[in-house]
Amino acid sequence: MSDNIGLVDYDTKIPNNVQLSSDRALQKALERWLPNFLNWWQEMGPADSAEMEVYLRTAISVEPDGWAKFGYVKMPEYRWGILLAPQEEGRTIGFGRHKGEPVWQEIPGEYRAMLRRLIVIQGDTEPASVEQQRFLGKTAPSLLDMRNLFQVNVEEGRHLWAMVYLLHKYFGRDGREEAEQLLQRRSGNEDKPRILGAFNEKTPDWLSFFMFTSFTDRDGKMQLESLAQSGFDPLSRTCRFMLTEEGHHMFVGRTGVERIIRRTCEVLTEKGLNPDAVPACRKLGVIDLPTLQKKINFHLSVTLDLFGAEVSTNAANAFNAGIKGRFRESTINDDHQLLDATYPVLKTIDGKFVMVDEPALNAINSRLADDYITDCEQLVATWNRAIQSYDLAFELKLPHRAFNRRVGEFAGVHASPSGEILTPDEFASRQDDWLPDQGDLEFLLSLMEKKQRGTGEFAGWIAPPKAGINGQPVDYEYVKIHAA
Ligand SMILES: [Fe+2]
Ligand SMILES: [Fe+2]
């Protein structure tokens, strides 16, 4: 057994740095959950991956440098572990009515229900994304991309473990029941769907995967950064370590889209086509820039719905209680209690967008969405720099935050991506210019070939990356297929 919190004990059934073996009941309960998890992985994890050996990173420590080791792993033998960031001596609650008090190592009874809800909602997203991405391995544009997909998948599986650990350790029988439920719900299933809308959407093609990891994993980052502030210390430590993995998921998304852009721009330049050419581009087997714009419109809007109502007493209560803070709370320069503060929130009043000062406590969700949009603007700027490097006059843009919303202030508002308010009929008549239509989705699917690629081989619609993984060459054998 390891006494060092930095090192992970891999000699036990469940790798961990939480001294699991010192709590027999908990260890047993988790060991009973383990085969159920593996059954779920078998049924809903990456299809036909059981025989593959994948060049994966596994966390071996939670220290910032040298926390991971790389090597070939047979996918079902991946060691999903329970890893918490080190406990900080003397940490105090950073916000809300308990500000300045020591953080909690156990759950305060009055906040039990609230904490359980937040942990279950976060936990539910993790297996959901694995389910959404289940069949993508079959159409991977290269072995390197296939490996990146599987890396994201095993880590989302580990994030599920992270939340299940908290449920089992701190919530008794209710927690164990919730942990079972997390394996029962299914993305997109009518009878037992996943909890949040975006996690019931399909991810049928690789552009959707790269957009999902760019935009929806970025929501994951925002939520984890807010939960990492929590006064409930085990939750904070869990989320802090999850964030190190989340960074890679967003990297896969950002660079994936960027490589698609580079390939398209190469072809546009070579053939002297207009940057907004659609049929000509498609004929040449690359993804046209207007389709990328429509996908951005779709993924940003469904992801913004994950932030919940802009003005929310639930969010105010969680903040006040010291359970969920703001994005990087400790870097914000105010009193961290917000009792008299206000925050400007965009609303629709009499058919117009108006900024309204709301009590800052009630505007926590809106503020997190603002921080998210700022992050996304930087993301789109890096994609636009890629386009500009080919001297093409085309600019990708984030849609207006009211565009295509189902949740919160803008549900029921029909806004264009540039932020004009329209009638429902006007919106319906232009919807196909703004969101992927059936033809666009079919085109994307038609590009996805079910063919096994050799090392260093890439599909024609995506450029190879500039560098390989962990210092390996781009044409490294990132996945050994061993097809039956
Ligand atoms: Fe995750
Ligand atoms: Fe993720």
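Against which helices do the buried residues of helix 9 pack? In this predicted model, they pack against helix 2 (112-132) and helix 10 (364-388). Helix 9 itself covers residues 313-320. Its buried residues are Ala-315, Ala-316, Ala-318, Phe-319 and Asn-320. Both ends of the helix have a feature to look at. At the N-terminal end, Ser-312 acts as a cap. A side-chain oxygen of Ser-312 lies 3.3 Å from the backbone nitrogen of Asn-314. After the helix comes Gly-322. The phi of Gly-322 is positive, near 80 degrees.

Helix 9 also takes part in the largest pocket. This pocket has a volume of about 640 Å³. It is lined by 35 residues, of which Leu-118, Ile-121, Gln-223, Leu-306 and Lys-324 are the closest to its centre. Helix 2, helix 5 (206-227), helix 9 and helix 10 each give two or more residues to the lining. The lining is mixed in class: 15 residues are nonpolar, twelve are polar and eight are charged.

The nonpolar cores come next. In soluble globular proteins, nonpolar side chains tend to be buried together. Here the largest nonpolar core holds 110 residues. Phe-215 and Trp-383 touch the most other members of this core. Helix 3 (residues 143-170) supplies the largest share, with 15 residues. Another core, of twelve residues, lies apart from the largest one. Its members include Ala-128, Phe-199, Trp-434 and Leu-435. Trp-383 has contacts with residues far along the chain as well as with polar and charged ones. Beyond its neighbours within four places in sequence, Trp-383 is in contact with Met-211, Ser-214, Phe-215, Arg-254, Val-257, Glu-258, Ile-261, Ile-296 and Leu-396.

A second tryptophan, Trp-80, sits in the loop between strand 2 (68-74) and helix 2. Is Trp-80 buried or exposed? Its relative accessibility is 5%, so Trp-80 counts as buried. Among the residues in contact with Trp-80, beyond those within four places in sequence, are Ile-14, Pro-15, Phe-37, Leu-38 and Trp-41. Met-75, Val-154, Gly-157, Arg-158 and Trp-161 are also in contact with Trp-80. A polar atom of the Trp-80 side chain lies 2.9 Å from the backbone oxygen of Val-154. Trp-161 is 81 residues away from Trp-80 in sequence. In space, the C-alpha atoms of these two residues are 7.2 Å apart.

Arg-401 is found in the loop between helix 10 and helix 11 (424-434). Why does Arg-401 count as buried? Its relative accessibility is 15%, and the cut-off for buried is under 20%. The side chain of Arg-401 makes a polar contact with the side chain of Asp-370, at 2.6 Å. Arg-401 also touches Leu-304, Leu-346, Ser-366, Ala-369, Ile-373 and Phe-410, with residues up to four places away in sequence not counted.

Val-252 lies in helix 6 (residues 233-271). At 3% relative accessibility, Val-252 is counted as buried. Val-252 and Arg-401 are 149 residues apart along the chain, and their C-alpha atoms are separated by 25 Å. Not counting residues up to four places away in sequence, Val-252 touches Asn-148, Val-152, Phe-209, Phe-210 and Thr-213. Asn-148 belongs to helix 3. With a relative accessible area of 8%, Asn-148 is buried too. Its side chain makes a polar contact with the side chain of Arg-147, at 2.8 Å. Beyond its neighbours within four places in sequence, Asn-148 is in contact with His-248, Val-252 and Ile-469.

Two aspartates in loops have a positive phi. Asp-48 is in the loop between helix 1 (24-44) and strand 1 (53-59). Its phi is near 55 degrees, a positive value in a residue other than glycine. Asp-48 counts as exposed because its relative accessibility is 59%. Asp-350 is found in the loop between strand 3 (342-349) and strand 4 (352-359). Asp-350 is not a glycine, yet its phi is positive, about 50 degrees. Its relative accessible area is 76%, so Asp-350 is exposed.

Methods
Residues numbered from 1 in each chain as written. Chains lettered and ligands numbered in written order. Predicted model: local features only at pLDDT ≥ 70, side-chain atom pairs only at ≥ 80, totals over all residues. Heavy atoms only, no water. Buried < 20%, exposed > 50% of the residue type's maximum accessible area, 1.4 Å probe, protein only. Helix = DSSP H or I, 4+ residues; strand = E, 2+ residues; numbered from the N terminus. Contact = heavy atoms within 4.5 Å. Polar contact = N/O pair within 3.5 Å; in protein donor to acceptor, adjacent residues only side chain to side chain. Core = buried A, V, L, I, M, F, W, Y, C linked by side-chain atoms within 4.5 Å. 1 Å grid on protein atoms, 1.4 Å probe; cavity = no way out; pocket = protein on both sides within 12 Å on 5 of 7 lines; lining within 4 Å. Points joined across faces, edges and corners; volume = space filled by probe spheres on them. Nonpolar A, V, L, I, M, F, W, Y, C, P; charged D, E, K, R; others polar.
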